[in-house]
Amino acid sequence: MDHQVDQIDRVIKNATKVMQDSQYQIYEILKAARDEAANLQYQMTELMEETARICDKVDELERKFRLARLRLTEVSRDFSKFSEEDSKNAYEKATQYQVELMIFREKENYLKTRRDDLVKRMRNVDASIEKAETIGSQMSVVLDYLSGDLTQVTRILESAKNRQLLGLQIILAQEEERKRIARDIHDGPAQSLANVVLRTEIVERMLSKQEFEVVQDEIVDLKSQLRGGLEEIRKVIFNLRPMTLDDLGLVPTLRKFVHDFEEKMKVKTMLEVKGQERRLKSAMEAAIFRLVQEMFTNAAKHADPSYVSCKLTYEENEVQLVVEDNGQGFNVESLESISKEQGHFGIIGMKERVKLLEGRMKIRSSREQGTQLSFFIPINVEKREE
């Protein structure tokens, strides 16, 4: 046994060194990508300022060119009133403004092309940062496992392998969830607020020019964007912890989730509630909601269904939850091996969650015949902890 421990120790130390070296390289790549992102953001800020200046210049030249053409038309119409020198000056001035206007319009188009190019580069750099962060977080998790107590590692290797894989998957899922929340805030409310700031600057310029009709249109657009940003923030809050779960209870929260799921995923859904609806303990309602949320998400991600249903039944001593889809299905007997090979621990995680609730879980599925998951959760356990 000691010989085996020494061998495992040696393997783990070698693997740890390789992972640490790789992690350092990943951090270098991530740092370079972040520096590049900061540089591109600085270029974009300067470009937007230059674009605003050029646009103002184009507006000014268009106004001057319009006045010069009117002057040229007036001089050309009345030869008795204006001299040949007046005609020549009017023509030269109109031509000068026309040339300058063409030059600045070219500059404006060039700046717009540069802006589009910078946007593409920023998106590519953001994607590289996201990938590097994902790999870095996964390496950190693995290093934490490898750097742990060797006797603990040996005990884990000799006992429930499925639990260690599930634990690793949970930690990775937490990191992915944090990244998803950050990305949702960055792509949703943060972008909306940045756009609002830009539009308010436009409104400020229009006010200085006393173009009140344009200002009114911009304010209407601003109100619409602020409503959209508020809706994005509410979606983020709902995904974190639906406030309706505490305020209204489980069933209204499920109805909203099922409705939003159908609109977003374009999958027909149905929620059926039977029995005497009543409030449960907060932790139990949250656990049941997360079960439904995870089952619907797994079905959309892996089963490709056109229909997903949820039936919630309130019995005297238990709550019965049945979620069914008409998707691809799978072989129940090979579920554990499929989960390990493909890295999907959703159903295994749900089993562990139901065990904590002292409940039971049943799975019925077959290839191309859809899947049905049933949960039976007791609600009359007096000493159940939150």
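This passage describes the nonpolar cores and the aromatic contacts of the structure shown above, which is a predicted model.

The largest nonpolar core is a convenient place to begin. This core holds 36 residues, and Phe 296, Leu 321 and Phe 375 are the members that touch the most others. Helices and strands both contribute: α7 (250–265), α8 (282–303), β2 (307–314), β3 (318–325), α10 (346–356) and β5 (371–378) each provide at least two of the core residues. The largest share belongs to α8, with 10 residues. As general background, nonpolar side chains in soluble globular proteins tend to be buried together.

Phe 296 deserves a closer look. Leaving aside residues up to four places away in sequence, Phe 296 is in contact with Phe 257, Val 258, Phe 261, Thr 269, Val 308, Ser 309, Cys 310 and Val 323. A second core, separate from the one that contains Phe 296, comprises 25 residues, including Leu 61, Ala 68, Met 122 and Ala 132.

Aromatic rings come next, and the structure contains 4 aromatic pairs. One of them joins Phe 257 and Phe 289 in an edge-to-face arrangement, with 5.8 Å from centre to centre and 75° between the planes. Because Phe 257 belongs to helix α7 and Phe 289 to helix α8, this pair ties together parts that lie 32 residues apart in sequence. Phe 257 has a relative accessibility of 8% and therefore counts as buried, the limit being under 20%. Phe 289 is buried too, with a relative accessible area of 1%.

Another pair is formed by Phe 261 and Phe 296, again edge-to-face, with a centre-to-centre distance of 5.1 Å and 80° between the planes. Here too distant parts of the chain are linked, since Phe 261 is in helix α7 and Phe 296 in helix α8, 35 residues apart. Both rings belong to buried residues: the relative accessible area is 8% for Phe 261 and 0% for Phe 296. Taken together, Phe 257, Phe 261, Phe 289 and Phe 296 make up one aromatic cluster. Phe 296 is thus a member of this cluster as well as one of the residues that touch the most other members of the largest core.

A final ring contact involves a charge. The charged end of Lys 107 sits over the ring of Phe 104, at 4.7 Å from the ring centre.

Note on methods. Residues are numbered from 1 along each chain as its sequence is written. This is a predicted model: local features need pLDDT of at least 70, side-chain atom pairs count only at pLDDT 80 or more; totals for chains, interfaces and linings use all residues. Side-chain values use heavy atoms; hydrogens and water are left out. A nonpolar core is a set of buried Ala, Val, Leu, Ile, Met, Phe, Trp, Tyr and Cys residues joined through side-chain atoms within 4.5 Å. Buried means under 20% relative accessible area, exposed over 50%, partly exposed in between (1.4 Å probe, protein chains only). Helices (H or I, at least four residues) and strands (E, at least two) are DSSP runs, numbered from the N terminus. Contact means heavy atoms within 4.5 Å. Rings of Phe, Tyr and Trp (its six-membered ring) pair if their centres lie within 6.5 Å; planes under 30 degrees apart count as stacked, over 60 as edge-to-face and the rest as tilted. A charge sits over a ring if NZ of Lys or CZ of Arg is within 6 Å of the ring centre and within 35 degrees of the ring normal.
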